[in-house]
Amino acid sequence: MGRTVAALGLAMVLALAAEPAAARTPDRDQIAKIVKAQRPATLKALQDWIALPTIAAEKRNAAEGADHMRRLALDAGFQQAKIIPTDGVPGVFATLDSGAKTTIGIYFMYDVKQFDPAEWSSPPLEARLVPRGTEGQALVGRGAVNQKGPEIAFLAAIKAILASGRKLPVNLVLVAEGEEEIASTHFAQVVAVPEVRDALARSIGVFIPTAGQDQNGSVNMTLGAKGAVEFQLIVGGETSDRYPKADVHSSNHARIENPAWRLVKALDTLVAADGHTPAIDGWFEHVRPLTDRQKQLIAEAAKPEVEAQEKKQLGIGKWIGDEPYGTSLERFYSQPTVNIQGLVAGYTGVGGKTVLPSRAEAKLEFRLVPAMTRDEAEAKLRAHLLKRGFDDVKVVVSGGYGPNETAEDSVLVTSQKRLFAEAGIAYTIRPRNAGSWPGVIFNGPPLNLPAAQFGVGRGGGAHAPNEWLLVDSNDPKVKGLEDTTMTYVDYLYVVADEAAKRRR
């Protein structure tokens, strides 16, 4: 087992004098030269991928995106890759058997969030290279950091090892989906296919490539992630005859109920008077409190300089209730949430329009923490609304999954800590990611596998305009595209060595 943070006395480690790796990457200099030579092809592969957005919410490029993902896997060296149909957007399953004793599962998403080109300073599908202040040069495009950039870097790492004439130190099982951005509606169907499930079951765990570095070069490691459930609440002529089938003159509000007001009343019951604490009946019944170790990790991460950076990035001046940073972080990682993403009703154009709308819709999401489940959250929402007489409020759940957790002493995590320590990369460990990814599908039954996120490099703007990934860094502590690729190379060798130690 690698050295623990407790043994080092800090969650942030800067191991400049670490001992050499027991499994130093063989022919590393040669592989690094290949990665450098591959750079133009790697950049073009990323730009081509960004130019083909799969957007599940818009039913855009579902078949094309799956086929492109399949071809990317084959081009990287996977021996077989196939499209797995689902009731929604298809998935992709690929394997690379190098004859190794250790197998790792890899999770990819090939879909991206919606975008409005008018909000971007650089066209979202052109993936242009643009200067990023003093940091270096960035590639700007939808999917650059979430998650196509890190995923292309991982594929480039595989290609470089194979191009060096070596076999990979591990076998790989890749599963990819095109619905992550709508809460992985049908991804469980991909993993449930016997061939896919059996291949994953042979792995020591599954990880998703990420860009995890802050501006100062430190890496944020996570031991899990919140779950997510996306849903809509709808009130209108389609849900009750109390509301008109089409917009009518606003004078009728004296005798006809307005579905927008009805929706507002329903929404108001979902949170307490403070506007953010969930108030759904029984919501906190199965919420597991933070452990002492998790609180310790959060306290060690609550640095004033990090708080200032986060506030600047988020464009805010204070946390809820003007709480101290440490308290806000505990809330961030431990509290399940009920969030309104958007509200749509009636006329939203310039000026006013005297109508009573026929339909009102709220788009919401839950973020779930251990030991909540997706099914529990939906059932409690429906029961809560019915108990208060909101039988005319239609609930449409579009996707979701529960939270995931991975032990700090799992091979995937100890390998990260060892790699960062030996490379002199500072890191913090967070109890979980406050965002979400469907790691629970691997973490939960029947697979019960560790599921983690891993990667260096830096980017931002996920889900927002001008999403970016740093490809050339002016700071040696922050990895650009080539160094990110080499870190994936090193990680595969460290994982293989850590797994071999466990077998001995």
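# Notebook: a look through the predicted chain

I started with the secondary structure, and the chain comes to 14 helices and 20 strands. Both are DSSP runs numbered from the N terminus: helices are H or I with at least four residues, strands are E with at least two. I'm working on a predicted model, where local features need pLDDT of at least 70, side-chain atom pairs count only at pLDDT 80 or more, and totals for chains, interfaces and linings use all residues. Residues are numbered from 1 along each chain as its sequence is written, and side-chain values use heavy atoms, with hydrogens and water left out.

**Overall shape.** I looked up the box around the C-alpha atoms, and along the principal axes it is roughly 80 × 50 × 45 Å. Next I checked the radius of gyration (taken over C-alpha atoms; the globule rule is 2.2 Å times the number of residues to the power 0.38). A compact globule of 504 residues would have a value near 23 Å, and the chain has 24 Å, which agrees. Buried residues make up 54% of the 504. Here buried means under 20% relative accessible area, exposed means over 50%, and partly exposed is in between (1.4 Å probe, protein chains only). I also looked at contacts (heavy atoms within 4.5 Å). Among those with a separation of 6 or more, 79% are between residues 24 or more positions apart.

**Cores.** What sits in the largest nonpolar core? I was looking for buried Ala, Val, Leu, Ile, Met, Phe, Trp, Tyr and Cys residues joined through side-chain atoms within 4.5 Å. The largest such set has 70 residues, and Met-69, Phe-78 and Phe-154 are among those with the most contacts inside it. Helix 14 (residues 481-503) gives the most to this core, with 11 residues. I then clicked on Phe-154. Leaving aside neighbours within four places in sequence, Phe-154 touches residues including Ile-106, Leu-172, Pro-209 and Tyr-488. There is also a second, separate core of 27 residues, which includes Val-235, Ile-280, Leu-364 and Phe-390.

**Helix 9.** Which residues of helix 9 are buried? In this helix (residues 304-314) I found Val-306, Glu-307, Glu-310 and Lys-311 buried. They sit on the same side of helix 9 because they cover an arc of only 135° around the axis; the arc is that of the directions from the helix axis to the C-beta atoms. The buried residues pack against helix 8 (292-301) and helix 10 (325-334). Turned away from that buried side is a face with the exposed residues Glu-305, Lys-312 and Gln-313. Right after helix 9 comes Gly-315, with a positive phi near 70°.

**Salt bridges.** My rule was a side-chain nitrogen of Lys or Arg within 4 Å of a carboxyl oxygen of Asp or Glu. By this rule I get 41 salt bridges. I looked up Arg-28 and Asp-490, whose closest N and O atoms are 2.7 Å apart. Arg-28 is in helix 2 (residues 28-50) and Asp-490 in helix 14, so the pair ties together parts 462 residues apart in sequence. Arg-28 is partly exposed at 31% relative accessibility, while Asp-490 is buried at 14%.

Then I tried Arg-388 and Asp-281, which meet in a salt bridge at 2.9 Å, N to O. This pair also links distant parts of the chain, 107 residues apart. Arg-388 is in the loop between helix 11 (374-387) and strand 14 (394-401), and Asp-281 is in the loop between helix 7 (259-268) and helix 8. Last entry: Glu-238, Arg-359, Glu-361, Lys-363 and Lys-394 form one network through salt bridges that share partners.
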